[in-house]
Amino acid sequence: MKDLYIVGAGGFGRELLNLILDIQALTRPRWNIAGFLDDTEDPLRGKACDFPVVGTIADYSPKPGDALAMGIASPAAKSRLVPMLKARGAVFESIIHPRAYRGRHNTVGEGVIICAGFSMTVNVEVGNFVTLLGPGILGHDVRIGDYSTISVTCNILGRANLGQGVFVGSNAAIAPRVHVGDAAYICMGSMVMKDVGKGMKVMGNPAREIGVAAHV
């Protein structure tokens, strides 16, 4: 059984721990949960949590039998940390809740996190280190680029194509065949009816560009 470390002890890291504990309870124990890796000072202060921070991301050196789970939702942080850790020999697990609906003829990359209640239909392509927070849905032929994060209650409809490092805020919808460029930011509640340029931030119904996306 692998020793599993969660990268990041912030809000999503603790949500991911909850997800892993649910999986272990619903199926069978797959990992020995070792704790969190985090570079911030005392991230669990004042938080009830069943597992401690056991080291830093900066100092982590993989041991035989180790595995990591990406507990950071920020696309920019994921795209920075993953290559650094993999260069040291780190191995990442995909964490997929058994109550997520994976459809048929879909492909899911490395290090993906899929929460309970998320569903995808058919011929969907999900890249590496994508975070899918349920409930939500990916329609037919949707493509999600590496390191992207889709927040809760989002609907991404048929043939929509999201580039790498895209962040989609909660309760957003993306219309069929819309292309969202790399590193774009979709604000919560937005209705995206037309293409979004690379690195742009959009908001509203219908969504309009409101500036350049800050790194998230």
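Tyr-60 is buried, with a relative accessible area of 7%. This residue is a starting point for a walk through the structure, which is a predicted model. Tyr-5 also counts as buried, at 12% relative accessibility. The rings of Tyr-5 and Tyr-60 have centres 5.8 Å apart and planes at 55°, so the pair is described as tilted. Tyr-5 belongs to strand E1 (residues 2-7), while Tyr-60 is in the loop between strand E3 (53-55) and strand E4 (66-70), so the pair ties together parts that are 55 residues apart in sequence.

The structure holds four aromatic pairs. Another of them joins Phe-167 and Tyr-185, whose rings are stacked, at 5.0 Å centre to centre and with 20° between the planes. Phe-167 lies in strand E16 (residues 167-168) and Tyr-185 in strand E19 (residues 185-186), so this pair, too, links distant parts of the chain, 18 residues apart. Phe-167 counts as buried because its relative accessibility is 16%, and the limit for buried is under 20%. The ring of Tyr-185 has a further partner: the charged end of Lys-201 sits over it, 5.2 Å from the ring centre. Elsewhere, Phe-92, Phe-129 and Tyr-147 form one aromatic cluster.

Now consider the chain as a whole. The chain contains two helices and 22 strands. For 216 residues, a compact globule would have a radius of gyration near 17 Å, and the chain agrees with this, at 17 Å. Along the principal axes, the C-alpha atoms fill a box of roughly 45 × 35 × 35 Å. Of the 216 residues, 49% are buried. The chain exposes about 10100 Å², and carbon and sulfur atoms supply 52% of that area. Among contacts with a separation of 6 or more, 30% are between residues 24 or more positions apart.

What lies inside? In soluble globular proteins, nonpolar side chains tend to be buried together. Here the largest nonpolar core has 32 residues, and Leu-138 and Leu-162 are those with the most contacts inside it. Strand E8 (118-120), strand E14 (154-156) and strand E21 (200-204) are the elements that give two or more residues to this core. Beyond residues up to four places away in sequence, Leu-162 touches Arg-143, Ile-144, Gly-145, Ile-150, Ile-156, Val-168, Ile-174 and Val-180. Apart from the largest core lies another, of 20 residues, which includes Leu-4, Ile-20, Phe-36 and Cys-115.

Two buried residues can be looked at one by one. Val-196 is in the loop between strand E20 (191-192) and E21, and its relative accessibility of 5% makes it buried. With neighbours within four places in sequence left aside, Val-196 is in contact with His-179, Val-180, Gly-181, Ala-184, Ile-186 and Val-202. Phe-118 is 78 residues from Val-196 along the chain, and the C-alpha atoms of the two are separated by 24 Å.

The other residue is Lys-78, found in helix H2 (residues 75-87). Is Lys-78 buried or exposed? At 0% relative accessibility, Lys-78 counts as buried. Its contacts, again without neighbours within four places in sequence, are Met-70, Ile-72, Ala-73, Pro-83, Phe-129, Val-130, Thr-131, Tyr-147, Ser-148 and Thr-149. Two of these, Phe-129 and Tyr-147, are members of the aromatic cluster with Phe-92. Thr-149 is 71 residues from Lys-78 along the chain, with 9.8 Å between their C-alpha atoms.

The backbone has some details to look at as well. The peptide bond from Gly-134 to Pro-135 is cis, with omega near -5°, and Pro-135 lies in the loop between strand E10 (131-132) and strand E11 (136-138). A cis peptide bond also joins Asn-205 and Pro-206, where omega is about -5°. Pro-206 is placed in the loop between E21 and strand E22 (207-212).

Positive phi values occur in residues other than glycine. His-105 has a phi of about 60° although it is not a glycine. This residue lies in the loop between strand E5 (95-96) and strand E6 (107-108), and counts as exposed at 65% relative accessibility. Thr-153 has a positive phi near 55°. Thr-153 is in the loop between strand E13 (149-150) and E14, and its relative accessibility of 33% makes it partly exposed.

Key:
Residues numbered from 1 in each chain as written. Predicted model: local features only at pLDDT ≥ 70, side-chain atom pairs only at ≥ 80, totals over all residues. Heavy atoms only, no water. Phe/Tyr/Trp six-rings, centres within 6.5 Å; stacked < 30°, edge-to-face > 60°. Helix = DSSP H or I, 4+ residues; strand = E, 2+ residues; numbered from the N terminus. Buried < 20%, exposed > 50% of the residue type's maximum accessible area, 1.4 Å probe, protein only. Lys NZ or Arg CZ within 6 Å of the ring centre and 35° of its normal. Core = buried A, V, L, I, M, F, W, Y, C linked by side-chain atoms within 4.5 Å. Contact = heavy atoms within 4.5 Å. Rg over C-alpha atoms; globule rule 2.2 N^0.38 Å. Areas by Shrake-Rupley, 256 points an atom, 1.4 Å probe, with all protein chains shown as cover.
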